[in-house]
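Let's take a walk through this protein together. Please have the sequence and the 3D view ready before we begin.

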Amino acid sequence: MVPPPGCPAHGMTAGELNSHGPSGGQDTIGPTLHGLAAGGLRRLYGPEAENDPMGLYEKLRAEHGSVAPVLLHGDVPAWLVLGHSDNLHMTRTPSQFSRDSRRWRALHDGTAPPDHPLAPIFTWQPICVFADGAEHERLRGAVTDSIARIDHRGVRRYINRYSNRLVNEFCRDGRADLVSRFAEHLPMMVMAQILGMPEEYSERLVQAARDMIKGTATANESNAYVMATLTRLVKRRRIAPEEDFATWLTEHTAGLTDDEVSQHLRLVLIAAYETTANLIANVLRMVLTDPRFRAQLSGGHMTLPEAVEQTLWDEPPFTTIFGRWAVGDTELGGQRIKAGDALVVGIAAANVDPVVRPDLNASMQGNRAHLAFSGGPHECPGQDIGRAIADTGIDALLLRLPDIQLAVEEHELRYEGALMSRQLLELPVSFAPRPPQDVTGPPSASAAVPRPRWQVDSPRPDVVRPPAQAPVPSSAEDGTGAAGTPEATGVIPEQRPEQRVGSAPQRAWRAVTRWWRGH
């Protein structure tokens with residue numbers, strides 16, 4: 001494919017251009033030329049990739065088609081797969097594109113050393129992510145079987161409880177940053193509960209989880225901290241098993257070793273945490289900044305699960321996933337891929353591939369053909385847990401703070417880019433101050449009940465309404481007397497379903513009821 005005019009590679013022959021791809025070795029390393037390295041290759045790190053990844057993907061698509069040669073940290077060569085169908089073929093054909101990173105030629109020639117910033121991502125470990133065939137089935141089977149044992153309705157009750165606990169920490173202030181005060185903490189609180197280590201939940205664990213996949217100078221240190229935490233958990237569960245994910249892995253018939261259990265716990269924890277934290281932030285940003293998006297939610301024309309799915313198309317939590325490694329010489333997207341070449345799953349680029357999505361403004365409700373959770377035999381097995389944390393958590397937040405508004409202009413929002421994600425750093429909001437709710441009791445053991453006349457009570461952009469006030473039961477209703485009134489305690493009991501009224505169409509409510517009941 002001929003590069004566009006102005007590209008440093010313009011005028012090179014097809015053979016010369018290909019020789020500077022991932023198999024071109026050290027020829028790709030050199031000074032920056034208008035955002036490109038010597039040889040005309042673009043970097044998947046640095047200012048351009050971090051500030052405007054989608055713009056970079058479209059440049060690569062225009063220059064190379066559906067598969068583009070790129071450079072990773074340290075100018076290590078790789079291929080970025082941009083096309084939707086090409087990504088599906090790659091992820092569904094492990095016989096051609098393996099997940100075993102030991103095949104990577106860059107590991108053998110020293111181009112990607114053991115202390116490389118991306119080492120926590122690509123260093124081979126005895127886990128299903130790096131396995132194919134029978135070994136993959138054995139290891140992944142232990143994970144999927146354990147996930148199947150999770151009580152999803154019980155998890156939703158924990159999500160609701162933790163969401164309200166987080167809101168209690170800032171609801172009196174009238175202002176908050178929903179990234180640092182909500183989105184970053186809720187997934188870790190829930191995952192620590194699921195894995196069986198709620199006592200290990202801490203600010204350090206949250207920050208280590210975010211740091212270790214960014215390719216930073218401290219990524220290896222963060223990885224060591226997370227692994228030490230999980231190793232302690234495995235040792236405890238070997239001695240004292242409980243009804244949690246860690247115990248189910250240790251007792252599975254696949255016979256996982258302590259190291260295999262620890263590594264798979266890390267896999268589940270980090271994948272679920274990072275994905276869900278980004279997803280929550282992205283959905284909230286769209287609710288707060290896109291008038292059509294918010295109006296659809298407010299009017300009952302879109303449910304929160306549908307809003308989550310739309311966001312998975314438009315702003316997936318992971319922009320890319322590294323990596324796949326070519327088993328032998330092959331071809332993909334018109335490019336000659338050589339044995340040992342590294343490939344990157346281009347999730348965000350594939351989701352906007354004009355071949356499958358010519359109109360980016362068209363609604364994608366009900367369409368799960370996106371690649372937000374990758375595809376093929378390595379597709380994320382815990383994606384429904386992430387969806388549940390996002391939609392249930394956002395639901396609880398919006399019910400508590402229905403008048404929530406963005407506190408800055410949209411263009412003032414800041415992001416931090418990395419190879420695998422584009423993270424919203426802050427989401428400042430304002431709302432009417434409210435007293436906290438009582439969330440000290442244990443989650444109810446009873447089955448979840450449908451919520452009559454439920455709606456997301458967010459105002460349309462063109463309607464100005466006074467802040468909604470949470471209903472307060474009288475002392476006669478709760479039996480506490482004057483000393484136990486909300487005015488005296490400063491704590492408002494959690495709203496009962498019948499107190500939540502709205503005017504959403506019946507067809508929307510029926511859909512929500514089916515979702516809430518788990519049908």
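The report below goes from the overall fold to the cores, the helix packing and a few local details.

**Overall picture**

What you are looking at is a predicted model. The protein has 21 helices and 13 strands. Of its 519 residues, 56% are buried. Among contacts with a sequence separation of 6 or more, 71% join residues that lie 24 or more positions apart. There are zero disulfides in the structure. Two of the cysteines are worth a quick look here: C128 is buried, because its relative accessibility of 5% falls under the 20% limit, whereas C380, at 24% relative accessibility, counts as partly exposed.

**Two nonpolar cores**

In soluble globular proteins, nonpolar side chains tend to be buried together. How many residues make up the largest nonpolar core here? It has 83 residues, and those with the most contacts inside it are L178, L195, F245 and L265. Helix α14, which spans residues 258-289, gives the most to this core, with 16 residues.

If you would like a place to start exploring, try L178. Setting aside neighbours within four places in sequence, L178 is in contact with F170, A183, L284, L288, L397, I404, L427 and V429. A second, separate core holds 40 residues, and Y57, V70, F122 and F322 are among them.

**Helices packed against α14**

Helix α14 deserves a further look through its packing partners. The table sets out two of them.

| Helix pair | Angle between axes | Axis separation |
|---|---|---|
| α12 (residues 219-239) and α14 | about 125° | 9 Å |
| α11 (residues 203-211) and α14 | roughly 90° | within 10 Å |

How do α12 and α14 lie relative to each other: parallel, antiparallel, perpendicular or oblique? They are oblique, because their angle of about 125° falls between the range of 65 to 115 degrees for roughly perpendicular pairs and the limit of 145 for roughly antiparallel ones. The crossing of α12 past α14 is right-handed. On the α12 side, the contact is made by N223, V226, M227, L230, T231, L233, V234 and R238. The α14 side brings D258, V261, S262, Q263, L265, R266, L269 and I270. One of these, L265, also appeared above among the residues with the most contacts inside the largest core.

Helices α11 and α14 are roughly perpendicular to each other, with an angle of roughly 90° between their axes. Here V206, A209 and R210 of α11 meet I270, Y273, E274, A277 and N278 of α14. I270 is thus part of the contact with α11 and is also listed in the contact with α12.

**Around W104**

Now move to the loop between β4 (97-98) and α5 (105-108), where W104 is found. Is W104 buried or exposed? W104 is buried, with a relative accessible area of 3%. Beyond its neighbours within four places in sequence, W104 is in contact with L72, V76, P77, A112, F122, F322, W325, G340 and A342. Two of these partners, F122 and F322, are members of the second core. W104 and R324 are 220 residues apart in sequence, yet their C-alpha atoms are 9.0 Å apart in space.

F322 also takes part in a backbone feature: the peptide bond from F322 to G323 is cis, with omega near 5°. G323 itself sits in strand β6 (residues 321-326).

**Backbone details in the loops**

Which residues other than glycine have a positive phi? D75 is one of them, with phi near 60°. D75 lies in the loop between β2 (67-72) and β3 (76-81), and at a relative accessible area of 5% D75 is buried. S374 is another, with phi of about 65°. The loop between α17 (347-351) and α18 (383-400) is home to S374, which counts as buried at 7% relative accessibility.

G376 shares the setting of the loop between α17 and α18, but counts as partly exposed at 28% relative accessibility. Apart from residues up to four places away in sequence, G376 touches T91 and R92. The C-alpha atoms of G376 and T91 are 5.1 Å apart, although the two residues are 285 residues apart in sequence.

Notes:
Residues numbered from 1 in each chain as written. Predicted model: local features only at pLDDT ≥ 70, side-chain atom pairs only at ≥ 80, totals over all residues. Heavy atoms only, no water. Disulfide = S-S within 2.5 Å. Buried < 20%, exposed > 50% of the residue type's maximum accessible area, 1.4 Å probe, protein only. Core = buried A, V, L, I, M, F, W, Y, C linked by side-chain atoms within 4.5 Å. Helix = DSSP H or I, 4+ residues; strand = E, 2+ residues; numbered from the N terminus. Contact = heavy atoms within 4.5 Å. Axes fitted to C-alpha atoms, helices over the stretch in contact; angles between N-to-C directions. Parallel < 35°, antiparallel > 145°, perpendicular 65-115°, else oblique. Left-handed = near helix turned anticlockwise from the far one by under 90°.
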